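Please open the structure in your viewer and keep the selection tool at hand. The stops below are meant to be taken in order, each one saying what to select and what is there.

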Amino acid sequence: MTTKKRKATKNSKSAKSTKASGKSKSPAKRSARAALSVATNARRSVEERVAALTEAPIAASEKEDDLQAVLDVLRNKEEPQQVRLATLQTLQASSFGAPAFESLRGDYIAVLRELATDPDPELRQRALGILARQKDGFAQKKLLEGLRDSEKALVPLEKALQLLSYDVHSDAYSVSREIVEKPPSTVAKREALRLLAADATAAPIFEKILRDKDEMAENRQISASVMQTLNPEKLRTHAREILLDTSEYDDIQATCLTALTQFGDAEAIAQDETLKTHVDKLSSEASPKVKQSARQFLKKYSG
Amino acid sequence: MCAQSELQFAALIDALAADPRRRERLTELLHEDHPLYDQRGAAAIVRMRGWVLLALARIGVTDAALLFVLEELDAGVDAYLVAAAARALRSYPEPTATFVPFVMRALANIRYHDDPVSFDNYGEYTISSTGTSPVRELLATLAWLGPHARGVLSEVESLRAQPGGLPKKLFSELDRAVESIRDGAQVAEIGSDACCTLPSGLRHTFSRARNARRGCEPIESTIFEDHAGATLTFKEFFYGRPTVVVFFYTRCDNPLKCSLTVAKLAQVQKLLEASGLADQIQTAAITYDPAFDLPERLRGYGQNRGLRLDARHRMLRATDGVNALRQHFKLGVNFIESLVNRHRIEVYILDAEGRISASFERIHWDEQQVVHRTIEVLKEKSDETPVEVSPEPADPTTRRKIVSPMFASFASLGVAFFPKCPLCWAGYLSMFGIAGLEQIPYSPWLQPALVAVMLINLASVWLQGRSTCRMIGFYLVSAGALVIVLSKMRLGLENFAVCGVVLTLVGSLLSALNVKSGRPAARN
């Protein structure tokens, strides 16, 4: 018998036995204790356990012991991956509101740090994601080590950059600059740019990318957004140039039109006949996306 | 780039802690603006400062380092630093009730972020919850404070009963703390003045006399942009009226620092308005992060915290001369790229010439106190005689400690020199001249009174010696008292009375100096 068939038989057997016992309740009616007894029972099928874990009563349980039992499942490397992922989801949901969770917080953080080096890549990434959102020093240290030495990487480089960007005070700026300079992939460069967006001294990098027509449109759009945050005046100057350039990409022109519409110097634009005439032309001849932005621009500045 | 790796830094800390002659440098390393913290991430700063606090915990926190420890308990939100500070506080020579509010505040701030921490090796993060944590360390510190924390006993006890209170696994530590606070045996011992003494290391407010204030020529031309986009120089805004200045930045993720500081500045403005001084005293909130904190961002941040914004009350970003500004105020801040990686709480009161007349640093400041100090600055007249202001509001208990032994020394002198027989009177008469005879009344009742004062002096010096762990003063005063008593017993030792007086005087002075120079070096 193949493994799949064996599993299927086992699952159907357990399902039958549940029905036969007459104790099965619909998930909506099941209490936290009942759901927990299914979720932590290794003899139950994976599907049953996952279903029990994702039910609201466990996550909302007010008993410290219930959540501790779920945490024990998460910690156990012998448990199936799907079950462990479901426990992680349950505990994370519980962390938002269950009063009993506060007592477990320290244990939860310790288990997440343990999971950060788990052999399972998805669990690893999810655990690091939760820790990184809490600006956990351990997660940041591991992610930075991975950026500096690929052999130590726990998640792909792009993901590491994304997770590090959750904390603007992290130490990832110099590495990100190197990645922007010599990107190993287009996604890596994009994520490095997103991370650098928090650093005001990186404004010249974004200005250069915005003006570089050979650069990827997505990176230029990121640059335009960052310029709006760090140096809106300079963005407005470049936005005008980009709009008047007939060889520019639609997406970039649409972004620049939005920037000028929302944050432009109303007095200066009202007197800029060249710009208004060009935008008027775009409102009838350009792509639908640009047309829409151009009409909003004209509505504001041409009354 | 950072010149020194974190491991090198850790080795340096260990070496400094091991060398008694260089231990003072550990406190220097707690200053945020130290070059070693430049261009490091916030998590690295936490590891580094935490290691310094742990080194202090091993060798003993001195008065100079105490403020940094209390600062962390007062406004810290990082589990590692709060735990390290709680442990470090226990190495202070003795517990006092003054520490209790800091420990309780830290407990309230950190109990929902009680992450497990490891102190075994530099930069280590624990993956086990069986080790220590900030709440564990704070409970141990409460146990160390013992009866000094009597005032918060019910609050500590309630941590067990509260819904969502402390986890069950911390109950044993909680019980230990409660037991220690209740401990009746110690209560009797702390009845002395040691219970409420403000440690002399707690200098978080500084005042400068008019003649001691630094001029602001180096930053006069620093250019600021305000919340409305208006440009002005330091001189244009800060000259003419006293100003309350706070430093902050909008991306600060510690709600107990920048956000609270700006909200408190709004409260200062309300107090000024209530006193009718809102037009005579200015306020300014200056950002540490001028490249990011553009006018619109400043305005939104201030308005959301109730700040009044107009020509006299502005939020500012320095567009030119940022480094000069940083040097002038000696700002407690450091950076990674353009971002702040660590800063202290700092409030300054500038006089009408833009000079720093007072500052409130690190520990949370009182709005009313800031307003009072600013009103004093407002009342200063340009032609008044410069008067040196105390570096901090003088602590009456400390003053009493110094004065008491000195006063008692004079009492002992009085006993020794009191004229007790016609011969004594003759001696005095020969000294002061016969003309004054009728002006010196003889009062035999004064002798027992002076003996009583001498005994009080003896007890006072003993208590001082016990609290400072320096008993030499007490031994000298005891010897002096003994000699005086013997000399008065008509054993032919009358001439030794002077020796007794000298011994008493020297012992009392030593005792007084011990108090003044602060507490002794911490125990290992």
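Which residues of chain B form one aromatic cluster? Bearing in mind that this is a predicted model, select F247(B), Y249(B), Y288(B), F329(B) and Y348(B), for these residues form the cluster in question. Over all chains, the count of aromatic pairs comes to 19, and two of these pairs are visited later in the tour.

**The interface of the two chains**

Now colour chain A and chain B separately and look at where they meet, for 32 residues of chain B are in contact with 32 residues of chain A. The size of an interface is often given as the accessible area lost when the parts come together. Chain B and chain A bury about 2,700 Å² between them, and 53% of that area is on carbon and sulfur atoms. On the side of chain B, select Y125(B), I127(B) and E337(B), which lose the most area to chain A and together account for 21% of what that side buries.

If you then turn to the polar side of the interface, there are 16 residue pairs in polar contact between chain B and chain A, counted where both residues have pLDDT 80 or more. Select α3 (42-59) and β8 (339-343) of chain B, since each supplies at least two residues of the side of chain B that touches chain A. Of the elements on that side, α3(B) gives the most, with three residues. Sorted by class, the side of chain B that touches chain A has 14 nonpolar, nine polar and nine charged residues.

**A salt bridge between the chains**

Four salt bridges are found across the interface of chain B and chain A, and the next selection shows one residue pair joined in this way. Select R105(A) together with D115(B), whose side chains meet in a salt bridge with 3.0 Å from N to O; the side chains of D115(B) and R105(A) are also joined by a polar contact of 3.0 Å. D115(B) lies in the loop between α6 and α7 of chain B, and at 13% relative accessibility D115(B) counts as buried. Show the surroundings of D115(B) as well: leaving aside residues up to four places away in sequence, D115(B) touches R105(A), I109(A), A79(B), S133(B) and P134(B).

**Two aromatic pairs**

A pair of aromatic rings is described by the distance of the centres and the angle of the planes. Select F138(A) and Y125(B), whose ring centres are 6.0 Å apart and whose planes stand at 70 degrees, so that the pair is edge-to-face. This pair crosses between chains, with F138(A) in helix α9 (residues 137-148) of chain A and Y125(B) in the loop between α6 (100-110) and α7 (134-145) of chain B. F138(A) counts as buried at 8% relative accessibility, whereas Y125(B), with a relative accessible area of 21%, is partly exposed.

For the second pair, select F224(B) and F234(B), which form a tilted aromatic pair with 6.5 Å from centre to centre and 35 degrees between the planes. F224(B) lies in strand β2 (residues 223-226) of chain B and F234(B) in helix α11 (residues 234-238) of chain B, so the pair ties together parts that are ten residues apart in sequence. Both F224(B) and F234(B) are buried.

**Two residues with positive phi**

Most residues other than glycine have a negative phi. Return to E337(B), where phi is near 55 degrees, a positive value in a residue other than glycine. E337(B) is found in the loop between β7 (333-336) and β8 of chain B, and at 23% relative accessibility E337(B) counts as partly exposed.

Next select R362(B), which has a positive phi of about 70 degrees although it is not a glycine. R362(B) lies in the loop between β10 (356-361) and α15 of chain B. Is R362(B) buried or exposed? At 2% relative accessibility, R362(B) counts as buried.

**Last stop**

Finally, move on to helix α15 (residues 367-379) of chain B and select R373(B), which is found there. R373(B) counts as buried, at 10% relative accessibility. Add S207(B) to the selection: the C-alpha atoms of R373(B) and S207(B) are separated by 9.1 Å, although the two residues are 166 residues apart along the chain.

Key:
Residues are numbered from 1 along each chain as its sequence is written. Chains are lettered from A and ligands numbered from 1 in the order in which they are written. Side-chain values use heavy atoms; hydrogens and water are left out. Contact means heavy atoms within 4.5 Å. Buried area is the accessible area (1.4 Å probe) that two parts lose on being put together, summed over both. A polar contact is a pair of N or O atoms within 3.5 Å; within protein, one must be able to donate a hydrogen and the other to accept it, and residues adjacent in sequence count only if both atoms are side-chain atoms. Helices (H or I, at least four residues) and strands (E, at least two) are DSSP runs, numbered from the N terminus. Ala, Val, Leu, Ile, Met, Phe, Trp, Tyr, Cys and Pro count as nonpolar, Asp, Glu, Lys and Arg as charged, and the others, Gly among them, as polar. Rings of Phe, Tyr and Trp (its six-membered ring) pair if their centres lie within 6.5 Å; planes under 30 degrees apart count as stacked, over 60 as edge-to-face and the rest as tilted. Buried means under 20% relative accessible area, exposed over 50%, partly exposed in between (1.4 Å probe, protein chains only).
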